[in-house]
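Me: I'm new to this one and would rather see one part properly than everything in passing. Please pick a single part and walk me through it slowly, cut-offs included.

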Amino acid sequence: MDGKIIPHRIFDLLSPIYDLLIRGEPPTDLIPLLDLTGDEVILEIGAGTGRIIQSLSHLCSDLFLLDPSPAMLAKARVKIPCANHYLGYAESLPWQKAFFDRVFAIDSLHHWNNQVKGLIEVYRVLKNQGSFILIEFDPNTRFGHYIRSMERLLRMGSKFYSPREIRKILSVTGLTVSKQYYIDGATYVTVARKAFG
Ligand SMILES: C[S@@+](CC[C@H](N)C(=O)[O-])C[C@H]1O[C@@H](n2cnc3c(N)ncnc32)[C@H](O)[C@@H]1O
């Protein structure tokens, strides 16, 4: 054992107060950027309580939420009852190849056990021309550094990447970055596309 605490166990404990603790609205410029017609099949990996993705709940018959924490997912079930809820991990997605038009990972990638494995899974389940929308903290910013230090103290085993490192990892997995920008002093959005496969 390396002393790492299994992250989703912490989220099970945090779930009753998570939405009070973690504030933040969906980034307003994100929705137009997604170019949604209403016919897309959408997945959020590490959806937690559904805090952010609930702004897409009008598309809920084709909205899939995956999280390894039963307690977080139970909250999402109440908040977005008509979505499809799955208990599971990014590293082993329970869908066939080319199933989704959009895949989100909002504040979750740094918790995955194996980021490259998870991103290869994202590539696999995305349709050709589908998009992956990643929202993460930059550990080189003041607030990102603070979050990383807090999660280290909690021994959560989180692994944070700068925008440049993310571009590099995504290129290895076959996803091509089309946009990358900050939405505040520490949080950045990366939009990447699957061009072949
Ligand atoms: C900080 S929360 C973010 C929840 C939600 N996306 C939001 O923005 O409020 C991170 C979530 O990632 C989940 N998670 C942890 N390890 C994971 C893994 N290997 N695969 C997918 N999700 C994971 C946790 O259970 C937790 O619900």
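Reply: Here's a look at the sheet and at the helices that pack on it.

Before we start, keep in mind that this is a predicted model: local features need pLDDT of at least 70, side-chain atom pairs count only at pLDDT 80 or more, and totals for chains, interfaces and linings use all residues. Residue numbers start from 1 along each chain, as its sequence is written.

First, the setting. The protein has 7 helices and 7 strands (DSSP runs numbered from the N terminus: H or I of at least four residues for helices, E of at least two for strands). Going along the sequence, they come as α-α-α-β-β-α-β-β-α-β-α-α-β-β. The C-alpha trace spans about 40 × 35 × 35 Å along its principal axes.

Now the sheet itself. It is open, has 7 strands with mixed pairing, and its order is 3-2-1-4-5-7-6. Strand 3 (84-87) and strand 6 (175-182) are the edge strands, each pairing on one side only. Two strands count as paired if DSSP finds at least two bridges between them. On average, neighbouring strands here are turned by 15 degrees against each other, ignoring direction; axes are lines fitted to C-alpha atoms (for helices, over the stretch in contact), and angles run from 0 to 180 degrees between N-to-C directions.

Let's zoom in on one pair. Strand 1 (residues 42-45) lies parallel to strand 2 (residues 63-67), and 4 bridges connect them. One spot to find on screen is Glu44, whose bridge partner in strand 2 is Leu65.

Next come the helices that pack on this sheet. Helix 5 (residues 115-125) touches strand 4 (100-106), strand 5 (126-137), strand 6 and strand 7 (187-194), where contact means C-beta atoms, placed from the backbone, within 7 Å. The direction of helix 5 makes about 145 degrees with that of strand 5. Helix 7 (residues 163-173) packs on the sheet too, touching strand 5, strand 6 and strand 7. Take its direction against that of strand 6 and you get about 165 degrees.

And what about the end of the sheet where strand 6 sits? Strand 6 and strand 7 run antiparallel, joined by 7 bridges. Look for Lys179, which has Val191 opposite it in strand 7. To get from strand 6 to strand 7, the chain makes a hairpin through 4 residues. As a bit of background, strands of a sheet pair through backbone hydrogen bonds, in either the parallel or the antiparallel sense.

So, to put the two pairs side by side: strand 1 and strand 2 are parallel, while strand 6 and strand 7 are antiparallel.

Notes. Contact = placed C-beta atoms within 7 Å.
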